[in-house]
Amino acid sequence: MKIIYYPLSILLLLALVNCKNRVAAPDTAGSMVKTPVTVTTVNTSAIAETIVLNATSAFLKKNEVRANTGGYVRDLNVNPGQMVKLGSLLFTIKTKEAQALSRLSEKDSMLGIRGQIRVLAPVSGIISNIANQLDSYVNDGDVVVTLADLKSFVFILHVPFEQKAYAEPGKKCTIHLPDGSTINGKITSRLSEVDLSSQTQSYIVTPLSNPSLPENLVVTVELEKSFNESAQVVDKSCVLSDETMENFWVMKLLNDTTAVKIPVKRGMSSGERIEILSPQFMPDERLISSGSYGLPDTALVSIIK
């Protein structure tokens, strides 16, 4: 009987070993899964890092055109927002004496006293306010019209005090308008006070062109922080980081199927580009631009073309 059971036990053991091998086969196949990725190369180009701050349009000079004698406002043919040129007629003042004698002049032609004083625009500009209306009585020195000087149009830039090093007078900048257009500007001066609540200091930005813009328009001003004309630049999507944003790395391809983790030191950032300070990559070396999130230090990949 023992001779009969011994061969059966051998056959049972071989069957168990065969089943174990077949169960382990899926794990071996799973370890060969490749992650689909896209790749790019490192470029050498200029890059600039900028900051964007708020600014408000304003006229630094506003001329208050006053009545130079007591009388009645006549010939007031200007309106708020109207452009006027130097020497244009703003209004006339008819003196109260002339107003009183005008009734007598109807009876006696010898008393044809006009008594009207013409007041002209001292500068070219925009009528920003009209304080007195037609036929109203004004005293000597009363403001009748306020005229904003076109040449004094600027933007008041609000700079946090800790960033004042990037807004030195003489520095050029780019002004972004709400409609998407841009104009070039230049910081011309710095005001001596800091706003108590926001702790920002005001700077005067003069546009280099002559835009026809209203006052109190809120815009953004782009200032350059630093510039490198020959930087090692990659797409921002190539650079990964840890949760604390202290360590950075890229995934570099060793060949068409294997990528490895390479720690990097990043520099400036501009839009969708980042400067890599170290290490130096060769022009033909490939970096993963998408699909690298969550990959281990060494990973199998499949390049999507």
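Trainee: Hi! Let's start with one residue: what stands opposite Val65 in β10?

Mentor: Val145 does; the two valines face each other across the strands. Keep in mind as we talk that this is a predicted model.

Trainee: Got it. Which strand does β3 pair with, and in which sense?

Mentor: The partner of β3 is strand β10, residues 143–149, and the two run in the antiparallel sense over 5 bridges.

Trainee: And what sheet do they belong to, in what order?

Mentor: They are part of an open sheet of 4 strands, in the order β3-β10-β8-β5, with antiparallel pairing.

Trainee: Which are the edge strands?

Mentor: Those are β3 (62–66) and β5 (83–84), and each of them pairs on one side only.

Trainee: Let me zoom out. How many helices and strands does the protein have?

Mentor: There are 2 helices and 21 strands.

Trainee: How much of the protein counts as buried?

Mentor: The protein has 305 residues, and 32% of them count as buried. As for the outside, about 18900 Å² is exposed, with carbon and sulfur atoms supplying 54% of that area.

Trainee: And what about contacts between residues far along the chain, say at least 24 apart?

Mentor: Take the contacts between residues at least 6 apart in sequence: 71% of them join residues at least 24 apart.

Trainee: New topic: rings! How many aromatic pairs turn up in the whole structure?

Mentor: The search finds 3 aromatic pairs. One of them is formed by Tyr72 and Tyr137, whose ring centres are 5.2 Å apart.

Trainee: Why is that pair called edge-to-face?

Mentor: Look at the angle: the planes of the two rings stand at 65 degrees, and over 60 degrees counts as edge-to-face, so that is the label for Tyr72 and Tyr137. In general, a pair of aromatic rings is described by two things, the distance of the centres and the angle of the planes.

Trainee: Where do those two tyrosines lie?

Mentor: Tyr72 is in strand β4 (residues 71–74), while Tyr137 is in strand β9 (residues 137–138). The pair therefore ties together parts that are 65 residues apart in sequence.

Trainee: Are they buried or exposed?

Mentor: In between! Tyr72 has 27% relative accessibility, so it counts as partly exposed. Tyr137 is partly exposed too, with a relative accessible area of 36%.

Trainee: Which residues do ring pairs link into a cluster?

Mentor: Phe59, Phe153 and Phe155. We can pick up Phe153 again from another side: Pro211 is in contact with Phe153 and Ile183, leaving aside neighbours within four places in sequence.

Trainee: Oh nice. How far apart are the C-alpha atoms of Pro211 and Phe153?

Mentor: They are separated by 8.9 Å, although the two residues are 58 apart along the chain. Pro211 itself lies in the loop between β14 and β15 (218–235), and at 21% relative accessibility it counts as partly exposed.

Trainee: What else is in the loop between β14 and β15?

Mentor: Asn216 has its place there. Its phi is near 65 degrees, which is a positive value in a residue other than glycine. Asn216 is exposed, with a relative accessible area of 58%.

Trainee: Where does Met245 lie, and what is its phi?

Mentor: Met245 is in the loop between β16 (240–241) and β17 (248–253), and its phi is near 60 degrees, again positive in a residue other than glycine. With 49% relative accessibility, Met245 counts as partly exposed.

Trainee: Which peptide bond is cis?

Mentor: The one from Ser278 to Pro279, where omega is near -5 degrees. Pro279 sits in the loop between β19 (273–278) and β20 (286–290).

Trainee: Back to rings for a second. What sits over the ring of Phe161?

Mentor: The charged end of Lys164, 5.4 Å from the ring centre. Elsewhere, Arg266 lies over the face of Phe248, at 5.3 Å from the centre of the ring.

Trainee: Last one: is Gln201 buried or exposed?

Mentor: Gln201 is buried, with a relative accessible area of 9%. You will find it in strand β14 (residues 200–207).

Trainee: What does the side chain of Gln201 reach?

Mentor: The backbone oxygen of Leu191, at 2.8 Å. Not counting residues up to four places away in sequence, Gln201 also touches several others, including Phe161, Leu157 and Val194.

Definitions and conventions: Residues numbered from 1 in each chain as written. Predicted model: local features only at pLDDT ≥ 70, side-chain atom pairs only at ≥ 80, totals over all residues. Heavy atoms only, no water. Phe/Tyr/Trp six-rings, centres within 6.5 Å; stacked < 30°, edge-to-face > 60°. Buried < 20%, exposed > 50% of the residue type's maximum accessible area, 1.4 Å probe, protein only. Lys NZ or Arg CZ within 6 Å of the ring centre and 35° of its normal. Polar contact = N/O pair within 3.5 Å; in protein donor to acceptor, adjacent residues only side chain to side chain. Contact = heavy atoms within 4.5 Å. Pairing = 2+ DSSP bridges. Areas by Shrake-Rupley, 256 points an atom, 1.4 Å probe, with all protein chains shown as cover.
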